[in-house]
Amino acid sequence: MDYKNFWLSILRRLEPTISKSQFLTWFQNTAALTIENETLVVGVPTNFARDWIVQKYALKILQAAEEENSKIKEVEIEVDAALGDGIDPRTIDLRAVFAKPGDKKVYKARGHEEVILTRSGILSAKLNPRYTLANFVPGDENRLAHAAALSVARLPGQTYNPLVIYGGVGLGKTHLLSAIGHEVLTNDPNKIVAFTTSEIFTREFVAASKKFQADEFKKKFRDIDVLLFDDVQFLENRDKTQIELFNIFNDLHEKGKQLVFTSDRPPSELTEVMDRLRSRLTWGLVCEIEQPSFQSRLEILKSKTQERRAILDPDILEFIAMNVSDSVRSLESALAWSIAQTELLKIQPTVRELGKMLEKVNKKERVLGLPENSPEISVQTPAELIELVSKHFDLPIAEICGTSRKKEFQVARQITMYLAREILGCSLTEIAQNFQKDHSTVLHSVRKITADLQKDATLVRKINSVKKEMGL
Ligand code: ADP
Ligand code: MG
């Protein structure tokens, strides 16, 4: 039996008999759990809700349930705390299901994504929850666009209207556009924000036209406070859709509603967009997002590394910033690769390894910033490695192999064991022999370093500096 649908039909019967706020308060996060013999078991998230519902609504629930299924003779209310987290799949999102036309509304959908709907249920794409102003890194290349986005989000319709942001692929246009939406909603959750793209807009318009509902389609846009329109260049050569957008534009603009567009070109170069629409795109403010400079690329990488709570050697970030310059999206891929190496393989990639990866991916002729003339020391055995570590950290071999618990010695010892295992591929027994320790001490050291590498940036640097000397 589909309990969810069953519960929904019961709620549909209850809803008209209870005030809206009471209904939402008490029935959000409830579910039909099961039917045992003649008893419907209803789950609610808290004891408090249970007591209240038993007192006030149990009878109504029973009546409704009987009407749906005459076998039911009893209702039992049970507490199931898991229902309270708001995303339990057994529950129904009442705000969405019972929204009435005329309820101005924007609702947070279940799960973590936000869905933006107008009251007529139109529209559209989701605002990507990761694309916020807080994690947009401002730089010289986007300073104007960023400032304009802030201003438009604070005072929709009152500053630059329309705002047009243009620039190449992967430079942050969609991010900034979505961020405006989030910001508007944060400032005023009752605002209706519609996010759409040329593709979605066209698809919806064509579908509506086929059903002779073009007027309906237009009406749906009437109540929007902010229209976010991504990649307007894809409307080129779609004349009917352009006319539709033109009309909606005029209507919203006249009412002082905010319009924001993104495009891969400045409006003047949208040659296949009809003159009237193209000229309107230049009414407000047109700003460009350019390619980020080295400094900005580095800032973006730092910010994304933090966001992912990853630890990477600063050399690696610099190296990526130096070699990946075409778009922020490519920066993100190189960074994701590096983070995956550290998280999945538990090793920090060296600049050389990363260089190889970039060469493969980008087919770049020359990778910049590789350590040149780096010493070609080929370390093969644990003994050689011990010697190298001893020189590198300027510590006596006897201490590295000894038993001193002094932090400095201990760390060098563990690092050496770790590298012998991970880089030289020595067996635990072999390493144990070189250090005159037992095999479980070696295992412990390797595990400790592996774990610490995930949280200790200094250790990462130390190990990478040794790896560099090993010619890696
Ligand atoms: P576009 O729409 O211009 O093709 P996107 O907005 O999709 O580009 O951006 C591509 C990726 O780069 C996204 O993951 C976005 O978060 C990121 N990004 C772009 N610019 C920035 C920035 N200035 N700060 C932080 N992230 C950015
Ligand atoms: Mg985009």
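User: Where is the place of Asp231?

Analyst: Asp231 is in the loop between strand S6 (226-230) and helix H10 (239-254). Both elements are DSSP runs numbered from the N terminus: H or I over at least four residues for a helix, E over at least two for a strand. The model is predicted, with pLDDT of at least 70 required for local features and 80 or more for side-chain atom pairs, while totals for chains, interfaces and linings use all residues. Residues count from 1 along each chain as written, chains run from A and ligands from 1 in written order, and side-chain values use heavy atoms, without hydrogens and water.

User: What makes the phi of Asp231 worth a note?

Analyst: Phi of Asp231 is near 55°, a positive value in a residue other than glycine. Most residues other than glycine have a negative phi.

User: How do you know that the bond joining Asn161 and Pro162 is cis or trans?

Analyst: Omega is about 0°, so this peptide bond is cis. Pro162 lies in the loop between helix H6 (143-154) and strand S4 (163-167).

User: Why is the pair formed by ligand 1 and His175 called a polar contact?

Analyst: A polar contact needs a pair of N or O atoms within 3.5 Å. An oxygen atom of ligand 1 is 2.7 Å from an N or O atom in the His175 side chain, so the pair qualifies. Backbone polar atoms also serve: Gly170 at 2.7 Å and Leu171 at 3.2 Å. Protein covers 95% of the 560 Å² of accessible area that ligand 1 has on its own (Shrake-Rupley, 1.4 Å probe).

User: What makes ligand 1 lie between two domains?

Analyst: Domain 2 (114-289) and domain 3 (294-361) both give residues to its shell, so ligand 1 lies between them. The bounds come from an automatic or database assignment.

Note on methods:
A polar contact is a pair of N or O atoms within 3.5 Å; within protein, one must be able to donate a hydrogen and the other to accept it, and residues adjacent in sequence count only if both atoms are side-chain atoms.
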